[in-house]
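Student: I've got a fold to look over before our next chat. Could you walk me through it?

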Amino acid sequence: AQVGKPEPRWSWRDHALPVSDLAVSLGGVNANIVSVSKDQTCKVFSLVSGQLLLSIAFPVPLSAVVLDITGDNLYVGAEDGSVHGLSLRSPPRTVSVSSEVMEPTVLRGHKGCVTQLSLSLDGQ
């Protein structure tokens, strides 16, 4: 690497279509990074190893993602206006799963694409 031009530690190319959003959990070196894409997948990577930990396939293109403060709960916004809540506390034993296997809570009510999600620190 040249001086002033650092090389990236990781470069992921696991999505087939553009990435719509990213979220990073707390945890320092034990943190995870989550990406969602128009290819209808949500992917969880280890920030320390760069390894793909989980790939979740959804029935709709994804547009937004947020993790709660513990990193145990994941919320994904979709282009059809739905928001899917998933627990990561007991992940499946396989790396690639469909969202139905993880039994998401699905919130509906928006007429358009969910463009951003956020959670408060106190859970309110």
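**Inside, outside and across**

Student: Leaving aside neighbours within four places in sequence, which residues is Val76 in contact with?

Tutor: Bear in mind that this is a predicted model. Once the neighbours within four places in sequence are set aside, the contacts come from several stretches of the chain, including Phe58, Leu62, Ala64 and Val65. Put together, the list reads Val36, Cys42, Phe58, Leu62, Ala64, Val65, Ser82, Val83, His84 and Leu117.

Student: Okay, and which residues have the most contacts inside the largest nonpolar core?

Tutor: That core has 19 residues. The elements giving two or more residues to it are β2, β3, β4 (52-57), β5 and β6. In soluble globular proteins, nonpolar side chains tend to be buried together. The ones with the most contacts inside this core are Cys42, Ile56, Leu62, Leu74 and Val76.

Student: How many residues are in the other core, the one lying apart from it?

Tutor: Val66, Val83, Val114 and Leu117 are among its members. The count for this separate core is 5 residues.

Student: Back to Cys42: is it buried or exposed?

Tutor: The cut-off for buried is under 20% relative accessible area. Cys42 comes in at 0%, so it counts as buried.

Student: And how far from Cys42 is the nearest cysteine sulfur?

Tutor: The whole structure turns up 0 disulfides, and Cys42 is in none. A disulfide would need the two sulfur atoms within 2.5 Å. The nearest cysteine sulfur belongs to Cys113, and its distance from that of Cys42 is 15 Å.

Student: What does Cys113 count as, in terms of exposure?

Tutor: Cys113 is in no disulfide either. Its relative accessible area is 40%, so Cys113 is partly exposed.

Student: Let's talk charges. Which residue does Lys38 meet in a salt bridge?

Tutor: A search of the whole structure finds 2 salt bridges. In the one with Lys38, the N to O distance is 2.7 Å, and Lys38 itself is partly exposed at 38%. The partner is Glu79.

Student: Why does that pair tie together parts that are apart in sequence, and by how many residues?

Tutor: Lys38 sits in the loop between β2 (32-37) and β3 (41-46). Glu79 is in the loop between β6 (73-78) and β7 (83-87), and counts as partly exposed at 30% relative accessibility. Because the two loops lie at separate places along the chain, the pair ties together parts that are apart by 41 residues.

Student: What about Asp72: which residue does it form a salt bridge with?

Tutor: The closest N and O atoms are 3.7 Å apart. Asp72 lies in the loop between β5 (62-67) and β6, and its partner is in the loop between β7 and β8 (96-98), 17 residues apart. Asp72 is partly exposed at 28%, whereas the partner is exposed at 55%. That partner is Arg89.

Student: Which residues form a nonpolar patch on the surface?

Tutor: Together they have about 250 Å² of accessible area. One of them is found in strand β1 (residues 19-24) and counts as exposed at 52% relative accessibility. The patch is made up of Trp10, Val24 and Leu47.

Student: Last one: leaving aside neighbours within four places in sequence, which residues is Gly85 in contact with?

Tutor: Gly85 is found in strand β7 and is buried, with a relative accessible area of 12%. Its C-alpha atom is separated by 25 Å from that of Val29, 56 residues apart along the chain. The contacts of Gly85, with those sequence neighbours left out, are Leu74, Tyr75, Pro104 and Thr105.

Methods
Residues numbered from 1 in each chain as written. Predicted model: local features only at pLDDT ≥ 70, side-chain atom pairs only at ≥ 80, totals over all residues. Heavy atoms only, no water. Salt bridge = Lys/Arg side-chain N within 4 Å of Asp/Glu carboxyl O. Helix = DSSP H or I, 4+ residues; strand = E, 2+ residues; numbered from the N terminus. Buried < 20%, exposed > 50% of the residue type's maximum accessible area, 1.4 Å probe, protein only. Patch = residues over 30% accessible without salt bridge, like charges linked within 9 Å, V, L, I, M, F, W, Y side chains within 5 Å. Areas by Shrake-Rupley, 256 points an atom, 1.4 Å probe, with all protein chains shown as cover. Core = buried A, V, L, I, M, F, W, Y, C linked by side-chain atoms within 4.5 Å. Contact = heavy atoms within 4.5 Å.
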